[in-house]
Amino acid sequence: MTLVIGLTGGIASGKSTVSAMFQKLEIPVIDADLISREVVEIGKPAYEQIISSFGDGIIQRDGSINRELLGSIIFKDENKRLQLNQIVHPAVREEMLRQKGAAIKNKEAAVVLDIPLLFESKLTSFADVILLVYVDEAIQLKRLMNRNHLSKEDALLRIKSQMPLKEKVPLADAVIDNNGTISSSEKQLKEQLIKWNVL
Ligand SMILES: CC(C)(COP(=O)(O)OP(=O)(O)OC[C@H]1O[C@@H](n2cnc3c(N)ncnc32)[C@H](O)[C@@H]1O)[C@@H](O)C(=O)NCCC(=O)NCCS
Ligand SMILES: Nc1ncnc2c1ncn2[C@@H]1O[C@H](COP(=O)(O)OP(=O)(O)OP(=O)(O)O)[C@@H](O)[C@H]1O
């Protein structure tokens, strides 16, 4: 029986860092962010819909979507963000479920669904258990600004576009406190996977 682990958190809380730990343990990860890049590639249905909704101005020289520009548009305008979500999310959900089915058919011991907006998109039914990567907002802000070279204002717009991380804690089955070192988070992950009989 494959254990389906929903992995979530907030932007820059450390999901990809923890996801890499799963991959090191040879536990397959289905990455919603990666899929959301694939479904908007040139020629895909979502690509055409995005261009017709947001205009040619977001197409870069190579024909692909200028993600930085689209991000700057949607994180300061909730309606535009919902409009983009309505275009992209259905295709992402469909592909995630396809890959999840393949992992179960493959009799994997566990499979991870790395979904940043798991709670916001009400996708808890996709997983058997939900693992939250938690970080205090001040550290989240600092890490996001450093990683994406964002101003404090732009970083806060992204953080505020999601459910507050503190509100996600009681909704999760387990929490990794990622305020400390990466190795401390790795130790917490392994302890949790032993409890879930995955390790
Ligand atoms: C806005 C876009 C173009 C920005 O691209 P960029 O490469 O800069 O960021 P990336 O896709 O790696 O996302 C980074 C993080 O931003 C946050 N984020 C992304 N989209 C959203 C959204 N619609 N609402 C809230 N947070 C979001 C998530 O925490 C995500 O992990 C891109 O994020 C996008 O297409 N978003 C819409 C699809 C989506 O919701 N993806 C996230 C979950 S599947
Ligand atoms: N415990 C940690 N200590 C120091 N830096 C960390 C730690 N965990 C993550 N980071 C760094 O913080 C940044 C955000 O981490 P990461 O990219 O894993 O977050 P994320 O939740 O996947 O973000 P996103 O929502 O954008 O997908 C990265 O630069 C990462 O290297």
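**Exercise 1. Find which side chains hold ligand 1, and how well the ligand is covered.**

Start with Arg67: one of its polar side-chain atoms sits 2.9 Å from an oxygen atom of ligand 1, a polar contact (a pair of N or O atoms within 3.5 Å; within protein, one must be able to donate a hydrogen and the other to accept it, and residues adjacent in sequence count only if both atoms are side-chain atoms). Before going on, note that this is a predicted model, where local features need pLDDT of at least 70 and side-chain atom pairs count only at pLDDT 80 or more, while totals for chains, interfaces and linings use all residues. Residues are numbered from 1 along each chain as its sequence is written, chains are lettered from A and ligands numbered from 1 in the order in which they are written, and side-chain values use heavy atoms, with hydrogens and water left out.

Next, add Asp33, with a side-chain N or O atom 2.6 Å from an oxygen of ligand 1. Arg37 also brings a polar side-chain atom to 3.0 Å from a ligand 1 oxygen.

Now the coverage: on its own, ligand 1 exposes 750 Å², and the protein buries 89% of that (areas by the Shrake-Rupley method with a 1.4 Å probe; for residues, only the protein chains shown count as cover).

Last, sort the shell. It has 18 residues, where being near takes a heavy atom within 4 Å. By class there are 8 nonpolar, 6 polar and 4 charged (Ala, Val, Leu, Ile, Met, Phe, Trp, Tyr, Cys and Pro are nonpolar; Asp, Glu, Lys and Arg charged; the others, Gly among them, polar). Two or more residues each come from helix H2 (32–38), helix H4 (67–74) and H5, with H5 giving the most, 5 residues. Helices (H or I, at least four residues) and strands (E, at least two) are DSSP runs, numbered from the N terminus.

**Exercise 2. Do the same for ligand 2.**

First, list the nearest residues: of the 15 around ligand 2, these are Lys15, Ser16, Thr17, Arg147 and Gly180.

Then look at the atoms. A polar backbone atom of Gly14 is 3.0 Å from an oxygen of ligand 2, and a backbone N or O atom of Gly180 is 2.9 Å from a ligand 2 nitrogen. Asp33 turns up again, with a polar side-chain atom 3.4 Å from an oxygen of ligand 2.

For coverage, the protein takes up 76% of the 630 Å² of accessible area that ligand 2 has alone. H1 and helix H6 (137–148) each give two or more residues to this shell, and H1 gives the most, with 3. The classes split into 3 nonpolar, 8 polar and 4 charged.

**Exercise 3. Work out the strand order of the sheet and place two helices on it.**

Step one: the open sheet has 5 strands in the order S2-S3-S1-S4-S5, paired in parallel; two strands pair if DSSP finds at least two bridges between them. Strands S2 (29–31) and S5 (174–177) are at the edges with a single partner each, so one side of each has no neighbour in the sheet.

Step two: check one pair. S1 (residues 3–8) and S4 (residues 129–134) run parallel over 4 bridges, and Ile5 stands opposite Val129 in S4.

Step three: add the helices. H1 (residues 15–24) lies across S1, S2, strand S3 (110–114), S4 and S5, at about 150° to S1. H5 (residues 78–105) lies across S1, S2 and S3, at about 170° to S3. Angles run from 0 to 180 degrees between N-to-C directions, with axes fitted to C-alpha atoms, for helices over the stretch in contact; contact means heavy atoms within 4.5 Å.
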